[in-house]
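Colleague: I should be grateful for a guided reading of this structure. May we take the features one at a time, with the general idea before the case?

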Amino acid sequence: MAVVIRLCGGLLDFSSSSFLTSFPSSCSQPILAPPHRRFCKRVISSSVSSPPTEEFVPQIGFKPRRRLTSFKVQAAVTETEKPKWWEKNAGPNMIDIHSTQEFLNALSQAGDKLVIVEFYGTWCASCRALFPKLCRTAEEHPDILFLKVNFDENKPMCKNLNVKVLPYFHFYRGADGQLESFSCSLAKFQKIKDAIQLHNTARCSIGPPTGVGDVNLESLSAAKDKVAGSSS
């Protein structure tokens, strides 16, 4: 009796009849295996009249590796932009001046108050170091008006007022006009305190301030009246 087994690689021929007896009867039952293994059914044929038997040949399969997709999480932090050091104000008695007209208007509207004008530069390290202490002084004296003048934004006015070094301070009060002017740094901040104590005394002024350095308020108002008269 010849036994022929059909395999994937070809045919095997066995002449012995004892080969059939080597297969257990349970081969006709499905063989359970792990889910990642597959089975290939092969038919064993023989020349005898017995029906062909079936064999399940396991085929080892490998699961494909899962590709781990990496996600880059970019967190956009929206941070409110903080004001620059020269943009901070101590309170309502500290005002930024952006033009000569604003400067003259602020002095005219101050009345009898003591007005301290700080001329500064955004690039000036001494101005930046002194500024926090100036803000605290403004908070301690709400009756004094502090004006901040950016030198780079108001160069013509600063030149007319003889501002040549920074930081520089002018003191004004009512009809007395300009009282004092000097340069000051953080190490010499006591000069500002002494000037405040000297000029911030109780007094009564009659009339508006007449002059601000080389800028004359009376000539400015006369020019305004002349322009108004010519237009009418």
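Colleague: Over which residues does pLDDT stay under 50?

Modeller: pLDDT is the predictor's confidence in each residue, from 0 to 100. It stays under 50 over residues 16-23, for which the model has 12 contacts beyond four places in sequence; a contact means heavy atoms within 4.5 Å. The protein chain averages a pLDDT of 74, and 53% of the residues score at least 70. This is a predicted model, in which local features need pLDDT of at least 70 and side-chain atom pairs count only at pLDDT 80 or more, while totals for chains, interfaces and linings use all residues. Residues are numbered from 1 along each chain as its sequence is written, and side-chain values use heavy atoms, with hydrogens and water left out.

Colleague: How many residues of strand 8 are buried?

Modeller: Buried means under 20% relative accessible area, exposed means over 50%, and partly exposed lies in between (1.4 Å probe, protein chains only). Helices (H or I, at least four residues) and strands (E, at least two) are DSSP runs, numbered from the N terminus. In strand 8, residues 168-173, six of six residues are buried. Both faces are covered: Tyr-168, His-170 and Tyr-172 lie on one side, and Phe-169, Phe-171 and Arg-173 on the other.

Colleague: Which strands are joined to strand 8 by bridges?

Modeller: Two strands pair if DSSP finds at least two bridges between them. Strand 6 (residues 114-120) runs antiparallel to strand 8 and is joined to it by six bridges; Ile-116 stands opposite Phe-171 there. Strand 9 (residues 177-183) is also antiparallel to strand 8, again with six bridges, and Ser-183 is the bridge partner of Tyr-168. The hairpin of strands 8 and 9 has three residues between the strands, and Gly-174 in this hairpin takes a positive phi near 45°.

Colleague: What backbone angles deserve notice in the loop between helix 3 and strand 8?

Modeller: Most residues other than glycine have a negative phi, and most peptide bonds are trans. Asn-162, in that loop, has a positive phi near 60°. Asn-162 is partly exposed, with a relative accessible area of 45%. Pro-167 is found in the loop as well, and a cis peptide bond with omega of about -5° joins Leu-166 to Pro-167.

Colleague: How many aromatic pairs does the structure hold?

Modeller: A pair of aromatic rings is described by the distance of the centres and the angle of the planes. Rings of Phe, Tyr and Trp (its six-membered ring) pair if their centres lie within 6.5 Å; planes under 30 degrees apart count as stacked, over 60 as edge-to-face and the rest as tilted. The structure holds six such pairs. The ring centres of Trp-85 and Trp-86 are 5.6 Å apart with planes at 90°, so this pair is edge-to-face. Ring pairs link Trp-85, Trp-86, Tyr-120 and Phe-131 into a cluster. Trp-85 is buried, at a relative accessible area of 11%.

Colleague: Where do the buried residues of helix 1 and helix 4 lie around the axis?

Modeller: An α-helix has 3.6 residues a turn, so residues three or four places apart point the same way. Helix 1 (residues 100-109) buries Phe-103, Leu-104, Ala-106 and Leu-107. These fall within an arc of 160°, so they line one face of helix 1; the arc is that of the directions from the helix axis to the C-beta atoms. In helix 4 (residues 190-199), the buried residues are Ile-192, Ala-195, Ile-196 and His-199. They cover an arc of only 100° and thus sit on the same side of helix 4. The face turned away from the buried side of helix 4 carries the exposed residues Gln-197 and Leu-198. Strand 6, helix 2 (125-140), strand 8 and strand 9 are included in what covers the buried residues of helix 4.

Colleague: Which residues does His-141 touch?

Modeller: His-141, in the loop between helix 2 and strand 7 (145-150), touches Asn-93, Phe-146, Ile-196 and Asn-200, not counting residues up to four places away in sequence. His-141 and Ile-196 are 55 residues apart in sequence and 9.4 Å apart in space, C-alpha to C-alpha. His-141 is partly exposed, with a relative accessible area of 22%.
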